[in-house]
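Here is a walk through a protein–DNA model, going from one interface to the next. Have the structure open while you read.

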Number of protein chains: 2
Amino acid sequence: MSEPGRPDLPDGTEDAHLAAGARQPTIKTIAAAAGVGVGTVSRVLSGRGYVSLDTRAKVEEAVRELRYRPSAIGRGLKEQRTKNIGLLVADVSNSYYGDFAKGVLAEARHLDRHVIVGSSDDDAAAEREYVELFLEQRVEGIIAFPSSENLGVWREAKELGVNLVFADRVLDGLDVPSVVVDNHDGAYALTEYLIVLGHRRIGYLGGPREVSSGREREQGYRDAHADAGLEVVEELVVPSHFTRRNAFANALRILGAEPLPTALVASNNILGEAAIGAVRHLGLDIPDDLSVVMFDDVPWATLVTPPITVVTQPARRLGREAARLVVRAASAPGSVLVRTELVVRSSAAPPRATA
Amino acid sequence: MSEPGRPDLPDGTEDAHLAAGARQPTIKTIAAAAGVGVGTVSRVLSGRGYVSLDTRAKVEEAVRELRYRPSAIGRGLKEQRTKNIGLLVADVSNSYYGDFAKGVLAEARHLDRHVIVGSSDDDAAAEREYVELFLEQRVEGIIAFPSSENLGVWREAKELGVNLVFADRVLDGLDVPSVVVDNHDGAYALTEYLIVLGHRRIGYLGGPREVSSGREREQGYRDAHADAGLEVVEELVVPSHFTRRNAFANALRILGAEPLPTALVASNNILGEAAIGAVRHLGLDIPDDLSVVMFDDVPWATLVTPPITVVTQPARRLGREAARLVVRAASAPGSVLVRTELVVRSSAAPPRATA
DNA sequence: GTGAAAGCGCTAACAC
DNA sequence: GTGTTAGCGCTTTCAC
C-alpha cells in the first residue's frame, strides 16, 4: 500500500479524472517488492538469461501479488516496434469483411498480435488517414483492401518497413503480398453456368473498375461470353459502387433494359442484395422471370426463396492467411490465391421460351 | 537493389531486419534539420507554448520534408496513456456487431481515437484474455458486450481507471455506464403483436439466461403473456447460445412440440436465421403454418419471402454513443437507453382456424 | 522565445 | 546470477 503520493494528491482539482484509480504497477514496483533489480524482473518475464530458481519464484510471486502487466508502451518504445497490426476494410458492417476480420482476429490472437481496425467506406481520404494513423502507431504491419488512389502512401509505408498485405485487390506497380480469390474464375463460372442454361441476355452488376477485383470479375464475365461465341450486351454491364443506394439504382437500371435480360450476375453480396431487392421491387419472379446469381455465400443466400446460386469466397480463411502473411509467420508463402467454388441452388433456371 | 540509401549507418549489421527500410524520423531528426531543440519541435506540434513565427515555419518545413509522424509510442509513454480504446464484441462477423463496430469506429475517428478490436465468441476465457491484453496496451477505455463470468476482471479494469462502457448487457454489482436498448420492451412488443393477432401458442427462441439482455427479453415475452391473461407454455421457451448449430437445433426443438406452436419469437438475428432455416427445413409456410418475428432488422429481413416483422435496435447509433461515453466526451450522459421500434412486415398473420 | 534535461516503463549490455 | 545503467521518442519544466 503506502502509495504515498496519494494523501492529498496535487492533481484532481478541476480537471479531476476522478474515476481514475490506482496506477498499474511498473517493473520497478515489482523489483522493489521482490527485492531484486529491474533487469532481473525483465529476465524472468522474458525467459531470456539466467535467473536462479529462488529469485524467479520471488519475482513471480510479486508479479502475481501485484497483478503486474508489463506495459506494451514501455516495451514498444524500447524495442522500436509494437505487436499491433492495422486492418483496413471497406466496411466492417458488410458480412464479407466481418468474416474476413474474424479470421484475422483469430489468427492474430494466436500469433500474439493485436489488431487496430479501420473502416474506410472505400473512401480514399479516409484510407490515407488510417494509414497515417497506423504509421504513427508504429504498427508492425497492415492488412488492407486498398483503393487504387493512394499508391503513394502504400509505397511509403512499404519503404518504411511496414509489412503490407493486400486483400482482394492488388495495386499495379506495387509489389505487395496478397490474399485473393480467383476473381476471374469465379465470375466466369457464374456466367458460364447461366450460358449453359441457355441465357443469352445476361446482366452484370459489377464493382468499380478502379479496383482490380472489379476488373477481373468483369473480365471473367466477358471471357465466358467470348468462349461461348457470344457477344456481351454492353448496355447490360454496369459497374456500381458498393453503397446500397447506388447499387439499388444500378440494379434497377439493368432491369430497365428492353427487352428485360433473362439473367443477372451480381459481383458481390451488396450488389446481390440490391439485385434481389430490385427484382422484388419490380414484382418479378426468380427464377421464372429472371435468374439471379451472385458472388459471396452470405448466410441469407439460403434463407431467401428461392435459395441463391453463388460463388463462395472463403473469407475467414483469407483473413487467417492475411494475418499469417503480415507477421511474416514461419514459412509463410509470398501470396495466397484461392479458388472460388460454385454452389448451385435454385435461383437460376433456363430462360422461358425465348420468343 | 541499391538500398544504399544509408551510406554507413551504425546499425544494420547482423540483426538486419532486411525487409525493414528507412526508420521513421524522430523528433530529434526534425530538431536537427530545423536547427532547433527538440522542445521547440514539440511545442510547434502540440501548439502549446510560444514559438516565433519564423521558427515555427522552419520546423513545419522540416516536418513536411521528412514526412515526420510523431511516434504514438513515445508520446504514450510520456503521457502515461494512449488514445486507444478496446472494443470487445461477441462475434465480428455478426452483422449486428458489425454495425455497432461501424458506429464505434466512425465516432472514434472523429474523437481521434484508435480502436483495438477483439471477438470473444462469447467465451469467458477469451474475454478475459482480451481484457488483459487491453490493459497491457494501456488503453484509455474498453467497450464490451460482457459475459457474466468475468466480474473480477471488469472490476479490476475499472479500479485501474480504465473507462468502461458496457453494451447490450449489464453486470450486476458493477456500476458501469452502458448503452442498451429497452430489451424488455422490444420483446414485449413482438409478443404482444402476436397475441393481438390471436396467437396463443407462441414459441420463444431466446438468448442465454446468463446475460442480462437474454433475461430481459425473456421477461418481456412473459410479461406480454401475463398482461394478456395468458399462460406461457414452458415447453416452448428455449434459451439458446448464439452459435448457428446450437440455434438451429433449438429452433427445431420448439418446432417439434405437439401441437405445433402457431408463432415464434426469435430474440436476435442469429436465432431468427436459425428459426427461418428450421421452418424451411420442415417445409412449413410462413405465415400460413407459422408466424415468425424477430429482434434485429438485418438487411436480409426484407429479402426473404415474406419479409420479416422485426424489432429494430439502432446498432450503429449505439456504437457511436458507446464511443462517446468511453472517452468521456463533452457532457456525455451516464448511460444510454434507447427504445426499440416494431417494424411490421408480413411474416406474421392470425393463426389458422384454431381447431 | 528557446535549449537542455529529466523521466515515463522497458530491455539489453555490461559490470560485478 | 544479479544489479546498474543507458537509451528508445516524447513532453514539460526550468533556466537562460
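How do the residues of the surface near DNA strand D divide into nonpolar, polar and charged? They split into nine nonpolar, twelve polar and seven charged. Here Ala, Val, Leu, Ile, Met, Phe, Trp, Tyr, Cys and Pro count as nonpolar, Asp, Glu, Lys and Arg as charged, and the others, Gly among them, as polar.

Some ground rules before going further. This is a predicted model, where local features need pLDDT of at least 70 and side-chain atom pairs count only at pLDDT 80 or more, while totals for chains, interfaces and linings use all residues. Residues are numbered from 1 along each chain as its sequence is written, chains are lettered from A and ligands numbered from 1 in the order in which they are written, and side-chain values use heavy atoms, with hydrogens and water left out.

**The two DNA strands**

DNA strand D has 28 residues around it, and the closest are Thr40(A), Ser52(A), Thr55(A), Ile27(B) and Tyr68(B). A residue counts as near a molecule or strand if one of its heavy atoms lies within 4 Å of it. Of the atoms of DNA strand D that come within 4 Å of the protein, sugar and phosphate make up 63%.

Helix 2 (38-46) and helix 4 (72-79) of chain A, plus helix 2 (38-46) and helix 4 (72-79) of chain B, each put at least two residues into the surface near DNA strand D. Helix 4 of chain B gives the most, with five residues. (Helices are DSSP runs of H or I, at least four residues, and strands are runs of E, at least two, numbered from the N terminus.)

Over on DNA strand C, 27 residues surround the strand, and Ile27(A), Tyr68(A), Ser71(A), Thr40(B) and Thr55(B) come nearest. Sugar or phosphate holds 68% of the atoms of DNA strand C within 4 Å of the protein, and the rest belong to bases. Helix 2 and helix 4 of chain A and helix 2 and helix 4 of chain B each supply at least two residues here too. For DNA strand C, the largest share is five residues from helix 4 of chain A. By class, the surface near DNA strand C has nine nonpolar, eleven polar and seven charged residues.

The table lists some polar contacts to the strands; a polar contact is a pair of N or O atoms within 3.5 Å, and within protein one must be able to donate a hydrogen and the other to accept it, with residues adjacent in sequence counting only if both atoms are side-chain atoms.

| Residue and its part | DNA atom | Distance |
|---|---|---|
| Arg43(A), side chain | base nitrogen of DNA strand D | 3.0 Å |
| Arg48(B), side chain | phosphate oxygen of DNA strand D | 3.4 Å |
| Lys78(B), side chain | base oxygen of DNA strand D | 3.3 Å |
| Gly74(A), backbone | base nitrogen of DNA strand C | 3.1 Å |
| Thr55(B), side chain | phosphate oxygen of DNA strand C | 2.3 Å |
| Lys78(B), backbone | base oxygen of DNA strand C | 3.3 Å |

So Lys78(B) turns up twice: its side chain meets a base oxygen of DNA strand D, and its backbone meets a base oxygen of DNA strand C.**Chain A against chain B**

Now the protein–protein side. Chain A and chain B bury about 5400 Å² between them, 55% of it on carbon and sulfur atoms. Buried area means the accessible area (1.4 Å probe) that two parts lose on being put together, summed over both. Arg69(A), Ile73(A) and Leu303(A) supply 14% of the area that chain A buries against chain B, more than any other three residues. The contact (heavy atoms within 4.5 Å) takes 59 residues from chain A and 59 residues from chain B.

How many salt bridges are there between chain A and chain B? The count is twelve, where a salt bridge is a side-chain nitrogen of Lys or Arg within 4 Å of a carboxyl oxygen of Asp or Glu. One of them pairs Asp91(A) with Lys102(B), with the closest N and O atoms 3.1 Å apart. There are also 24 residue pairs in polar contact between the chains, both residues at pLDDT 80 or more. On the side of chain A that touches chain B, two or more residues come from each of helix 4, helix 5, strand 2 (114-119), helix 6 (124-136), helix 7 (151-159) and helix 11 (269-281) of chain A. That side has 24 nonpolar, 18 polar and 17 charged residues.

**Inside chain A**

Chain A is assigned domain 1 (13-75), domain 2 (84-181 + 316-338) and domain 3 (183-314); the bounds come from an automatic or database domain assignment. The C-alpha centres of domain 2 and domain 3 of chain A are 28 Å apart, and their contact takes 14 residues from domain 2 and 15 residues from domain 3. These two domains bury about 1200 Å² between them, 46% of it on carbon and sulfur atoms.

The rule finds one salt bridge across this domain interface. The side chains of Arg217(A) and Asp168(A) meet in a salt bridge at 3.7 Å, N to O.
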